[in-house]
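Hi,

Here is the structure I said I'd pass on. Have a look first, and my notes follow underneath.

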Amino acid sequence: MHVVSRMPHRTLTLMALTSVAVTAWMVAPPIFTPVQPELFAAGGSFTNAWADYDGDGDADIFVGFNGTPNRLYRNDAGTFVDAAADAGVADARATRAVAWGDYDADGDPDLFVGFTAGADGVLRLFRNDGGRFTNVSRDAGVMVDSGAVRQSAWIDVDGDGDLDLYVAFRDKPNMLYRNDAGRFVNVAESLGLADPRKSVGGVWFDADDDGDIDLYQGNMDGEANALWRNEGEHFTDAASELGLAWGARTPNDKATGTVRTCAADVNGDGRLDIFTANYGTNGLFLNRGQGKFDDASHAWGVDMESHSDACAFADFDNDGRLDLYVNGTVTGGVSYRDYLFRNTGTRFDDVTPPNVLERKADHGVQWMDYDRDGDEDLALTGVQGDAMHSLLRNDLAAVAARRSLAVRVLDGRGRATRAGAVVRLYRTGTRLSLGARLVDAGSGYDAQNDAPVHFGLAAMAAVDVEVTFPAGGKARVITVRGVKPGEYAGRALVVRVP
């Protein structure tokens, strides 16, 4: 391993070469099979997020409902049991946000939940005490009486090694809580992040390659999006100058808005591109480096007029390209459909399976290899009273499922405090890019996972794994060379970034 202070140049990409490796399993129709449908049957769920809360090596999932008790599904070797009551998180309050993050850096993921108005405020922080949770909201300083909570994210904004907490609101200025040894102070106003626009989903990543974390924030009701550029002691909105203010939707139209923003390496060049799930025309902006983005919405076939709530990227067919799931929503008596798009290398093709298309519109979407077989499975939430919150197993052929590598990014103490890091793969000994993945500080709908990143692979040849973590204006880079993906079946390669 080695540590450097600048991100290396990326000169080659595998995207144009993968056509020579196309096989039947790469173009087969996707098949997703319901898992325990009698358990995942209740309707009226808004948000979901994955983490291994009990430390047994597999991913568990929290699901937030609209007034019935929330659920925490414990994964026992691929079989799920609702453990929310025993764990202390079965609140029967309408839930609008959830984020997993190890805020106290003790080695297990803690849980932040955002509710609609009610007793004891709208924010709740649960400390994970060995698989049981303790409400520490008041002691931690995150009590807020009211507000339409939306995106929440754990992210080390100031680069001091611990996770700070960002909370977006639909009806009041957004908040950024600085973590001072487990006690939180709202510093959004002093940093310029107390944006009063009608915010929903935002994503944190280093948008301009300058070594610190920026925020692309989606806003609703005809208000422009913000690209909050991190300038050290202050954030400046650069969305207009970068062509990102409207996310491909009609400017100043109160009927439109951006519900969710996602960052992902769509074209395999090692840079993180931006997708906007909109009320209005959805958008895709390709990252050309140094903070410059090109609108590729039409060229990539995603500029459909819809009412979309969420976006989530995953290589569901393990061909080395990131595919895309987009949620529709129910509004004005219309149920807007969901889309599963396969990435062909130059555009997205609609390959939504019939059993997914038959569902009513959803609200939240998450990808996770819950059964550790090498392919990513699909978890959906449904806001309708009779809509299921489904877990759908990806039935990719076994030979294809094995063509993958999961990477877990931790800090020097082995704690998951490196949200915002980017993992890049290269063919070993070269700078031939096999793609990039963001250790996401926000995914699905108003949610954040604590999980490894997943790479599908066109071939099982050895790779070099490079992890870049922006902190305090310097990019820390760790490289692990000669990784053989086949040696990590059923588990993740762990990379520590000091």
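Let me start with the weak spot: residues 1–12 have pLDDT under 50 throughout, and the model gives them 33 contacts beyond four places in sequence. Residues 16–26 are also below 50, with 17 contacts in the model beyond near neighbours in sequence. This is a predicted model, and for the protein the mean pLDDT is 93, with 95% of residues at 70 or more.

On to the charges. I count 19 salt bridges. Two of them involve Arg229. One is with Glu231, where the closest N and O atoms sit 3.6 Å apart; Glu231 is partly exposed, because its relative accessibility is 45%. The other is with Glu241, at 3.4 Å from N to O. That second pair connects distant parts of the chain, since Arg229 belongs to strand β18 (residues 226–230) and Glu241 to the loop between β19 (235–237) and β20 (257–264), 12 residues apart. Glu241 has 59% relative accessibility and therefore counts as exposed.

Then there's Arg408 with Asp450, whose closest N and O atoms are 2.8 Å apart. Arg408 is in strand β33 (residues 404–411) and Asp450 is in the loop between β36 (447–448) and β37 (453–456), so this bridge ties together parts 42 residues apart in sequence. Asp450 is buried, as its relative accessible area is 13%. Elsewhere, shared partners join Asp195, Arg197 and Asp237 into one salt-bridge network.

So what does a buried Arg249 have around it, given that there is no salt bridge? This residue is in the loop between β19 and β20, and the nearest side chain of opposite charge, Glu223, is 8.0 Å away. A salt bridge needs the nitrogen and the carboxyl oxygen within 4 Å, so Glu223 at 8.0 Å does not make one with Arg249. What Arg249 does have is polar company: its side chain reaches the backbone oxygen of Asn219 at 3.1 Å, and a 3.0 Å polar contact joins it to the side chain of Thr258. Beyond its neighbours within four places in sequence, the residues in contact with Arg249 include Gly222, Asn225, Asn278, Tyr279 and Thr281.

Now the rings. There are 20 aromatic pairs. In one of them, Phe32 and Phe316 have ring centres 6.3 Å apart and planes at 55°, so the pair is tilted. The two come from distant parts of the chain: Phe32 is in strand β3 (residues 32–34) and Phe316 in the loop between β24 (305–314) and β25 (323–328), 284 residues apart. Phe32 is buried at 3% relative accessible area, and Phe316 is buried at 1%.

Another tilted pair is Tyr53 with Phe133, at 5.9 Å centre to centre and 40° between the planes. Here Tyr53 is in the loop between β4 (45–51) and β5 (60–65) and Phe133 is in strand β11 (residues 132–135), 80 residues apart. Both Tyr53 and Phe133 are buried. There is also a cluster, in which ring pairs link Phe40, Trp50, Tyr73, Phe80 and Tyr370.

One last residue to click on is Tyr103, in the loop between β8 (95–101) and β9 (110–115). Its relative accessibility is 6%, so Tyr103 counts as buried. Leaving out residues up to four places away in sequence, Tyr103 touches, among others, Asp110, Arg127, Trp154, Asn179 and Phe184.

Cheers

Conventions. Residues are numbered from 1 along each chain as its sequence is written. Side-chain values use heavy atoms; hydrogens and water are left out. Buried means under 20% relative accessible area, exposed over 50%, partly exposed in between (1.4 Å probe, protein chains only). Helices (H or I, at least four residues) and strands (E, at least two) are DSSP runs, numbered from the N terminus. Contact means heavy atoms within 4.5 Å. pLDDT is the predictor's confidence in each residue, from 0 to 100. Lys and Arg count as positive and Asp and Glu as negative; His and the chain ends are not counted. A polar contact is a pair of N or O atoms within 3.5 Å; within protein, one must be able to donate a hydrogen and the other to accept it, and residues adjacent in sequence count only if both atoms are side-chain atoms. Rings of Phe, Tyr and Trp (its six-membered ring) pair if their centres lie within 6.5 Å; planes under 30 degrees apart count as stacked, over 60 as edge-to-face and the rest as tilted.
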